[in-house]
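Okay, thanks for coming, everyone. I'd like to walk you through one model today, so let me put it up on the screen.

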Amino acid sequence: MSRAFIFPGQGAQTIGMGRALAEAYPAAKAIFDEVDAALDQSLSSLIWEGDAETLTLTENAQPALMATSLAALRALEAEGVQVDSAAFVAGHSLGEYSALTAAGALSVADAARLLRIRGRAMQSAVPVGMGAMAALLGLDLATAREVAAEAAADGGVCAAANDNDPGQVVISGSKDAVERAVEIAKAKGAKRAVMLPVSAPFHCALMAPAAEVMAEALAAVQIKAPSVPLVANVRAAALSDPDEIRALLVEQVTGSVRWRESVQYMLGQGVTEFWEIGAGKALSGMVRRIERSAAVQNIGTPEEVAKVIAADTAAE
């Protein structure tokens, strides 16, 4: 079986995530310690004992989700499963940083600091209340783009931000334009069109100031060739060149997350199994909706680690 390791993005965070892994595996605990040191903050205390509202702040959620994903990977490694057993790594939005760190392209400390910068830059790019995002369910990408273009015709910004699966596209932009898009989508036959409880309009042109911040921040860190090819959000194809990776991480801030196409690319390259490493199960659901025959595994607790190790051993 050819497998891919996939890493979740914002929205998957929960209080307590990763704690059982840290208690069961010293290598997992070491990840949280390293992130705490890099940020000069006890982020692990917030993750395990804090309040959900503070954890959900973009500047906290992004490094917290990366730490949890890397802790889960270290648990797998402690059980003998290495990242290079995967054909590809990929991540949804901030999960791309987790994927790159898993494959050795970024250090854990650099990834934590970059995600803190990214979270703050994305939050401050647009004044609170001026931007919005909405999920359009039951419309394909082409129709969602038509909806966004029509909504933006009266002024403002509206664009397809996340092409998640065949029936779910997330749009992003100016609040008024996104609200117009919700009504237009309903008129065009969307099963549902709902505003999302997010703090900023991610992955659209309004994030240009954040992209400038990230270009400067990424220029200052070392990026190595990943040990496993990365399927990049904005390209939906594999790459390993550090300079390309750096450029696409900047482009990703304003660009669309082409998740459906990314999964289809990996399927086309022979991947039959997807391991979602970290918090939540959102990506697994998307993969199933993209291709029902794909096998999916969630790895975010010691029990889930044990389950995949047992299955992996039985398959050998």
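I'll start with the sheet, then go through the helices, and finish with a couple of single residues.

Some housekeeping. This is a predicted model, and local features need pLDDT of at least 70, side-chain atom pairs count only at pLDDT 80 or more, while totals for chains, interfaces and linings use all residues. Residues are numbered from 1 along each chain as its sequence is written, and side-chain values use heavy atoms, with hydrogens and water left out.

When I say helix or strand, I mean DSSP runs, numbered from the N terminus: H or I with at least four residues for helices, E with at least two for strands. Strands pair if DSSP finds at least two bridges between them.

Right, the sheet. In what order do the strands of the open sheet come? There are four, running β4-β5-β3-β6, with antiparallel pairing. β4 and β6, residues 192–195, are the edge strands, so to speak: each pairs on one side only. On average, neighbouring strands here are turned by 20° against each other, direction ignored. For angles like that, axes are lines fitted to C-alpha atoms, for helices over the stretch in contact, and the angles run from 0 to 180 degrees between N-to-C directions.

Let's go along the sheet pair by pair. β4 and β5, residues 168–174, run antiparallel and are joined by six bridges. They form a hairpin, with two residues between the strands. If you want a spot to click on, Ala-159 has Ser-172 in β5 as its bridge partner.

Next pair: β3, residues 131–137, is joined to β5 by seven bridges, again antiparallel. Here Ala-134 stands opposite Ile-171 in β5, and Leu-137 has Gln-168 of β5 as its bridge partner.

Then β3 pairs with β6, antiparallel, over four bridges. Ala-135 is matched with Val-194 in β6.

Now, are these strands buried or exposed? Buried means under 20% relative accessible area, exposed means over 50%, and partly exposed is in between, using a 1.4 Å probe and protein chains only. In β4, residues 158–165, seven of the eight residues are buried, so the strand is largely enclosed by the rest of the structure. β3 is largely enclosed too, because six of its seven residues are buried.

One helix lies over this sheet: α13, residues 282–290, lies across β4 and β5 and runs at about 80° to β4.

On to helix pairs. Two packed helices are described by the angle between their axes and the distance between the axes. Take α10, residues 208–219, and α11, residues 242–254: they pack at about 160°, with axes 8 Å apart. That makes α10 roughly antiparallel to α11; the scheme is under 35 degrees for roughly parallel, over 145 for roughly antiparallel, 65 to 115 for roughly perpendicular, and oblique for the rest.

Who makes the contact, meaning heavy atoms within 4.5 Å? From α10 we have several residues, including Met-214 and Leu-218, and α11 brings others, among them Arg-246 and Leu-249. Sorted by type, the contact has 10 nonpolar residues, one polar and one charged. Nonpolar here is Ala, Val, Leu, Ile, Met, Phe, Trp, Tyr, Cys and Pro; charged is Asp, Glu, Lys and Arg; the others, Gly among them, are polar.

The second pair is α8, residues 141–152, with α9: about 130° between them, axes 8 Å apart. α8 and α9 are therefore oblique to each other. Val-147, Glu-150 and Ala-151 of α8 meet Ala-177, Arg-180, Ala-181, Ile-184 and Ala-185 of α9. That contact divides into six nonpolar residues, no polar and two charged.

While we're on α9, which spans residues 175–187, Glu-183 lies in that helix. Glu-183 has 49% relative accessibility, so it counts as partly exposed. Its C-alpha atom is 9.5 Å from that of Val-194, 11 residues apart along the chain.

What about α6, residues 95–102? That helix is mostly covered, with eight of its eight residues buried. Just after α6, Gly-104 takes a positive phi of about 80°.

Last stop, Asn-60, in helix α5, residues 58–78. With 5% relative accessibility, Asn-60 counts as buried. Leaving aside neighbours within four places in sequence, Asn-60 is in contact with Gln-41, Leu-43, Leu-46, Thr-54, Leu-55 and Arg-116.

That's my tour, so let's open it up for discussion.

Note on methods. Contact = heavy atoms within 4.5 Å.
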